[in-house]
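Biologist: Please take a close look at the charged side-chain pairs in this protein. I would also like to see the parts that surround them.

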Amino acid sequence: MKKVSIIIPHYNTPKLLKKLIESIQPIEMFQVIVVDDYSDKDLEAYSQCKRIYEEKEVIFIQNNREKGAGVCRNIGLAHAVCEWILFADADDYFLDGFYEKLQQHLSGHADIIFFKTDSEEFITHKKERRHVLYCKLVDDFLKKNNVKNEVRLRYKFGPPWGKLIRRNLIEEHNITFDEIPVSNDIMFSVKCGFYARRIEASDASLYRIVKMQGTLTQIKKDDLIKVRIDTSLNKYIFLKKRLPPNEWKYLHLCRLMLIYNSYKNSYSKVAKKYLRKRMKEEKVPLIQ
């Protein structure tokens with residue numbers, strides 16, 4: 001019986017999508033859901049991919065709502081039927097033997113199991129550092145399961161990939177992805193982390209992130225940065241209202257950290273001004 005639904009938003013990368021689907025082995029053990037986000041290039045290659053894998057019971061759905069990965073993931077969640085949920089991006093892929101690494105956790109009692117990931121650059125295949133922060137969060141939790149390391153793992157592991165999430169947790173608390181152009185996964189992950197009754201972590205690596213050029217995660221347009229700022233503040237407000245002081249103190253969500261990130265990520269003057277305005281509106285303290 002299939003116990004894991006894998007949800008994949010797709011846009012204009014059918015060859016990479018094929019590589020991802022091929023990495024899902026044995027494919028008959030998963031409900032695989034691909035939601036296409038208005039692809040307008042390589043349509044013949046996508047149609048061919050669809051024909052091949054529909055025969056293997058992969059579900060292909062066309063997004064008929066507003067464009068965006070968050071919308072596609074929500075559509076995928078609406079069609080998921082398995083006990084567990086995994087997310088993948090169409091330009092990434094799973095590592096060899098990942099099903100065996102999952103199996104030992106499928107009968108457990110945790111609501112989320114966090115795994116390690118790996119990353120590479122698309123052209124050269126050289127090792128990248130996109131995964132380093134998330135692996136450190138997992139390592140710290142495995143080395144010492146204290147309040148600090150659990151809080152950081154629950155709320156700093158922002159992407160949806162690299163974790164096995166119980167579907168009942170998502171449905172019970174009506175957790176969805178924000179339908180915004182960037183950072184659609186932040187509040188989804190924060191809410192899953194908050195409402196999970198029990199979390200676990202594994203030293204196993206399941207998934208390889210492929211760093212592409214020109215993706216929305218790398219474009220620094222002011223309108224997209226403003227969305228990121230608003231989402232960061234939504235995270236701050238949600239957790240500030242709910243976490244006890246002994247947990248909150250480990251997140252360092254304060255004005256100083258937000259300002260530091262604005263310089264680290266080379267925000268424009270317009271974006272920095274917007275950040276200052278929004279921090280003032282939300283009365284974010286300089287330090288905790």
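Modeller: The answer below begins with the charged pairs, then turns to the sheet, the helices, the cores and the cysteines.

This is a predicted model, in which local features need pLDDT of at least 70, side-chain atom pairs count only at pLDDT 80 or more, and totals for chains, interfaces and linings use all residues. Residues are numbered from 1 along each chain as its sequence is written, and side-chain values use heavy atoms, with hydrogens and water left out.

Side chains of opposite charge can pair when their charged atoms come close. A salt bridge here is a side-chain nitrogen of Lys or Arg within 4 Å of a carboxyl oxygen of Asp or Glu. The structure has 24 of them.

Start with glutamate 83 and arginine 166. Their side chains form a salt bridge, at 2.8 Å from N to O. Glutamate 83 sits in the loop between α3 (69–79) and β4 (84–87), while arginine 166 belongs to strand β7 (residues 163–166), so this pair ties together parts that are 83 residues apart in sequence. Helices (H or I, at least four residues) and strands (E, at least two) are DSSP runs, numbered from the N terminus.

How buried or exposed are the two partners? Buried means under 20% relative accessible area, exposed over 50%, and partly exposed in between (1.4 Å probe, protein chains only). Glutamate 83 is partly exposed, at 32% relative accessibility. Arginine 166 is buried, at 11%.

A second pair joins glutamate 171 and arginine 167, at 2.7 Å from N to O. Both lie in helix α7 (residues 167–172), four residues apart, so about one helical turn separates them. Glutamate 171 is partly exposed, at 46% relative accessibility. Arginine 167 is buried, with a relative accessible area of 17%.

A third salt bridge links glutamate 282 with arginine 278, at 3.2 Å from N to O. Glutamate 282 is partly exposed, at 29%. Arginine 278 is buried, at 10%. Some salt bridges share partners: Lys3, Glu83, Asp111, Arg166, Glu172 and Arg197 are joined into one network in this way.

Arg197, one of that network, also touches a histidine. Histidine 173 lies in the loop between α7 and α8. Beyond its neighbours within four places in sequence, histidine 173 is in contact (heavy atoms within 4.5 Å) with Tyr195 and Arg197. Histidine 173 is partly exposed, with a relative accessible area of 25%. From aspartate 36, histidine 173 is 137 residues away in sequence and 26 Å away in space, C-alpha to C-alpha.

Now the sheet. Eight strands form an open sheet with mixed pairing, in the order β3-β2-β1-β4-β7-β6-β8-β5. Its edge strands, β3 (59–62) and β5 (93–94), each pair on one side only. Two strands pair if DSSP finds at least two bridges between them. β6 and β7 run antiparallel and are joined by three bridges. Isoleucine 113 has leucine 164, in β7, as its bridge partner.

Helices lie against these strands. α3 crosses β1 (4–10), β2 (30–36), β3 and β4, and runs at about 145 degrees to β2. α5 packs on the sheet and touches β6 and β8, its direction making about 165 degrees with that of β8. Axes are lines fitted to C-alpha atoms, for helices over the stretch in contact, and angles run from 0 to 180 degrees between N-to-C directions.

Helix α6 (residues 147–156) has buried residues Asn149, Val151, Leu153, Arg154 and Tyr155. The buried residues of α6 pack against several elements, including α5 (132–143), β8 (199–211) and α9 (222–242).

Next, the nonpolar cores. Such a core is a set of buried Ala, Val, Leu, Ile, Met, Phe, Trp, Tyr and Cys residues joined through side-chain atoms within 4.5 Å. The largest one has 68 residues, and Ile6 and Ile8 have the most contacts inside it. β8 gives the largest share of this core, seven residues. Another core of 21 residues lies apart from it, with Val151, Tyr267, Tyr274 and Met279 among them. Leaving aside neighbours within four places in sequence, isoleucine 8 is in contact with residues including Leu17, Ile24, Val34 and Ala88.

Last, the cysteines. With a disulfide taken as a pair of cysteine sulfur atoms within 2.5 Å, the count is zero. Cysteine 135 is in no disulfide, and its nearest cysteine sulfur, that of cysteine 192, is 20 Å away. Cysteine 135 is buried, with a relative accessible area of 11%. Cysteine 254 is buried too, at 8%.
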